[in-house]
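Here is my note on the model you sent round. I have kept it to numbered points, so you can check each one against the coordinates.

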Amino acid sequence: MSITVTNVSKQFGKFQALKDVNLEINSGELLALLGPSGSGKTTLLRIIAGLETADTGNILFNGEDITERHVRKRQVGFVFQHYALFRHMTVFENIAFGLRVKPRSQRPTNAQITDRVMHLLQMVQLEGLAQRHPSQLSGGQRQRVALARALAVEPQMLLLDEPFGALDARVRQELRQWLRHLHDELHITSIFVTHDQEEALEVADRIVVMNHGQIEQIGTPEEVYDTPANPFVFNFLGSVNLFHGRVTGGEAHVGAMNVAIPGDATVKDANVVGYTRPHELEIQRHRNGSATIEAVVKHITAVGPIVRVGLDPSDGAETIAAEITREKYRELNLQVGESVHVKPKRVQVFWDDYS
Ligand code: ATP
């Protein structure tokens, strides 16, 4: 089912939680709503679900306006951060619940319910745990039960609000991949809220980056990470290095580099900032090419296959953070205190007064 959000705004008292949001979610897509705390992600999810009403704007399912439709009639499956399982019921009964409370005319028989629940248990790999109670499960297992329960009633879409937020890093990682697999199997239109950029980058088909109740960018993980639309997205999606510079003679001069100027090419003289990700910096022992920055190695930290190198530029500018592979690190045989040359392989330039 496709979902269309048009001109949705929402105010709580004087606080504008959503400002004129427009969004198109394709059928079968796994979409992440990503943004800092308070950016409006949950509010948008709740409006799509029908748990909250928008002040203005419309929600369409498959092109049909359902803005006024009650939450129960929207055929939505929910998974929240805090499992919200029924503690007094077994895993089996938790999953069966939505089927048992259906109106009599639509209610499956007991045998059909058993079949469906056993199939779901298999899908979420909890076959042996049907008779346990939630208190006898790990956090990750509980979240898988919550997902099976949401899927039991065959919803048209799945809405997940920070589904892995309460779990530890290793389990989170496991469940992310598992959600991706499950989605690839079921192709059910799904939206999940997260403030964790890695989670969004790893799991989603497309990411909606939100800030202050507005959408900053919509794109595939590659698009938002590699070509951020603005400095906010650049910063929020990962580490950055900033190089201050100026536009003169139709070109931006950032550090020792000349790069294409952003957008409006008629501007003759203005300040700009060049943005580069740490892995886009090359460290050279000997100066190779003109666009290099001289710097002294300040610290070296190895994190798994990646080595992080902090460098102080000789012109007194801010410390540069570079990330190189272990192989490259061995090849360079870097030592703290020595001078090297740093060359950005790619720089994206924005006007300095961006706000
Ligand atoms: P988080 O990651 O912290 O959940 P979020 O991006 O999901 O953040 P929302 O939960 O959508 O943000 O909240 C957006 C803003 O609206 C917040 O400042 C919040 O305090 C406010 N807000 C949300 N719901 C209500 C409400 N029912 N009454 C008043 N203010 C609300």
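Is Glu216 buried or exposed, and why?

1. **Glu216.** Start with the count of neighbours. A residue is called buried when 20 or more other C-beta atoms lie within 10 Å of its own. Glu216 has 20 C-beta neighbours inside 10 Å, so it counts as buried. Bear in mind that this is a predicted model. Glu216 belongs to strand E10, residues 214-219.

2. **What Glu216 touches.** Leave aside residues up to four places away in sequence. The contacts of Glu216 are then Val209, Met210, Asn211, Ala229, Asn230, Phe232 and Val233. Take Asn230 from that list. Asn230 is 14 residues from Glu216 along the chain, and their C-alpha atoms are separated by 7.8 Å.

3. **Overall layout.** The chain has 355 residues, and buried residues make up 34% of them. Nine helices and 20 strands are assigned. The C-alpha trace spans about 75 × 45 × 35 Å along its principal axes. Consider the contacts between residues at least 6 apart in sequence: 66% of these join residues at least 24 apart.

4. **Domains.** The chain is divided into domain 1 (3-236) and domain 2 (239-351). The C-alpha centres of the two domains lie 39 Å apart.

5. **Ligand shell.** The ligand is surrounded by 13 residues. Phe12, Ser37, Lys41, Thr42 and Thr43 are the closest. By class, the shell holds four nonpolar, eight polar and one charged residues. Strand E2 (15-25) and helix H1 (41-49) each supply at least two shell residues. H1 gives the most, with three.

6. **Helix H1.** H1 also has a buried side to report. Lys41, Thr43, Leu44, Leu45, Ile47 and Ile48 are buried in this helix. Two of these, Lys41 and Thr43, are also among the residues closest to the ligand. Gly50 follows H1 and has a positive phi, near 95 degrees.

7. **Main core.** In soluble globular proteins, nonpolar side chains tend to be buried together. Here the largest nonpolar core has 75 residues. Ala32, Leu33, Ile48, Ile95, Ala148, Leu159 and Val208 touch the most other members. Helix H4 (residues 139-152) gives the most to this core, with seven residues. Domain 1 (3-236) and domain 2 (239-351) each contribute at least three residues to this core.

8. **Ile48.** This residue of H1 is buried. Not counting residues up to four places away in sequence, Ile48 touches Ile3, Val5, Ile59, Leu159 and Ile191.

9. **Second core.** A separate core of 12 residues includes Leu281, Ala295, Ala322 and Val340. Two of these names return as a strand pair: Val340 in E19 is the bridge partner of Ala295.

10. **Strands around E16.** E16 (residues 293-303) runs antiparallel to E19 (residues 339-344), and four bridges join them. E16 is also antiparallel to E17 (residues 306-313), with eight bridges between them. One E16–E17 bridge pairs His299 with Gly310 of E17. The hairpin of E16 and E17 has two residues between the strands, and Gly304 takes a positive phi there, near 55 degrees.

11. **Strand E15.** In a regular strand the side chains alternate between the two faces of the sheet. E15 (residues 281-284) shows this alternation. Leu281 and Ile283 point to one face and are buried. Glu282 and Gln284 point to the other face and are not buried. E15 runs antiparallel to E19, joined by four bridges. Ile283 has Val342 of E19 as its bridge partner.

12. **The four-stranded sheet.** Which strands make up the open sheet, and in what order? The order is E2-E1-E4-E5, with antiparallel pairing. E2 and E5 (64-65) stand at the edges with a single partner strand each, so one side of each is left without a neighbour in the sheet. E4 (residues 56-61) pairs with E5 over two bridges, in the antiparallel sense. Phe61 stands opposite Glu64 in E5. The edge strand E2 is also one of the elements that supply the ligand shell.

Methods: Residues numbered from 1 in each chain as written. Predicted model: local features only at pLDDT ≥ 70, side-chain atom pairs only at ≥ 80, totals over all residues. Near = placed C-beta within 6 Å. Nonpolar A, V, L, I, M, F, W, Y, C, P; charged D, E, K, R; others polar. Core = buried A, V, L, I, M, F, W, Y, C linked by C-beta atoms within 7 Å. Domains from an automatic or database assignment. Contact = placed C-beta atoms within 7 Å. Pairing = 2+ DSSP bridges.
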